[in-house]
Amino acid sequence: MEQQHPIVQLQVAHKTMALHIPDAAAMHTAFQMHGGEVPYWSQIWPAAIGLCNYLAVNEALIRNKQVIEIAAGIGLPSFFIADVAAHIYVSDVNAAAVACLKQN
């Protein structure tokens, strides 16, 4: 059964976005119970926000182009540029991350 993550409103550069983002406390508890740490994919990293800010100012780099985001996690940069790029390929090796990407 896929876990449904809550929708969180984010203000990134000039856009307000609503994304399914795992609850950090719930992820921490679930992964500690199985002997692991909170998975990297389940949080928004400052670098993802920084990349979105950069792309907002340098939109010509991606306008009408094919873009790939490798190890996307939640996929914030991909969703941020979705209305600008011609096509976006989003990938992650973690099945739970892919399920979260599909929700978004």
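In the hairpin formed by strands E1 and E2, two residues lie between the strands, and Ala13 takes a positive phi near 50°. The model described here is predicted. Strand E1 covers residues 7-12 and strand E2 residues 15-20; the two run antiparallel and are joined by six bridges. Within this pairing, Val8 stands opposite Leu19 of E2.

A second pairing involves E3 and E4, which run in the parallel sense with four bridges between them. Here Glu69 is set opposite Val90 of E4. Side chains alternate along E3, which spans residues 66-69: Val67 and Glu69 point to one face and are buried, while Gln66 and Ile68 point to the other and are not buried.

After E4 (87-90) comes a loop that leads to helix H4 (95-103), and Asp92 is found in this loop. Is there a partner of opposite charge for Asp92, and if not, what is the distance to the nearest one? Asp92 is buried but has no salt bridge, and Lys102, the nearest side chain of opposite charge, is 12 Å away. The side chain of Asp92 does have polar atoms placed by backbone nitrogens, those of Gly73 and Asn94. Leaving aside neighbours within four places in sequence, the residues in contact with Asp92 are Trp41, Ala71, Ala72, Gly73, Ala97, Val98 and Leu101.

Asn94 also has a role at the helix end: Asn94 caps the N-terminal end of H4, through a side-chain oxygen and the backbone nitrogen of Ala96. The distances for these polar pairs are listed below.

| Side-chain atom | Backbone nitrogen | Distance |
|---|---|---|
| Asp92, polar atom | Gly73 | 2.8 Å |
| Asp92, polar atom | Asn94 | 2.9 Å |
| Asn94, oxygen | Ala96 | 2.8 Å |

Helix H4 has Ala97, Ala99, Cys100, Leu101 and Gln103 as its buried residues. The elements covering the buried residues of H4 include E2, helix H3 (76-80) and E4. Two of these buried residues, Ala97 and Leu101, are also among the contacts of Asp92.

Aromatic rings are the last topic. A search of the whole structure gives one aromatic pair. That pair is Tyr40 with Trp45, with 5.8 Å from centre to centre and 50° between the planes, and it is tilted. The pair counts as tilted because 50° is neither under 30 degrees, as stacked rings require, nor over 60, as edge-to-face rings require. Tyr40 is exposed, with a relative accessible area of 62%, whereas Trp45 is partly exposed, with a relative accessible area of 37%. Trp45 is called partly exposed because 37% falls between the cut-offs of under 20% for buried and over 50% for exposed.

Technical notes: Residues numbered from 1 in each chain as written. Predicted model: local features only at pLDDT ≥ 70, side-chain atom pairs only at ≥ 80, totals over all residues. Heavy atoms only, no water. Buried < 20%, exposed > 50% of the residue type's maximum accessible area, 1.4 Å probe, protein only. Lys, Arg positive; Asp, Glu negative; His and termini not counted. Salt bridge = Lys/Arg side-chain N within 4 Å of Asp/Glu carboxyl O. Polar contact = N/O pair within 3.5 Å; in protein donor to acceptor, adjacent residues only side chain to side chain. Contact = heavy atoms within 4.5 Å. Pairing = 2+ DSSP bridges. Phe/Tyr/Trp six-rings, centres within 6.5 Å; stacked < 30°, edge-to-face > 60°.
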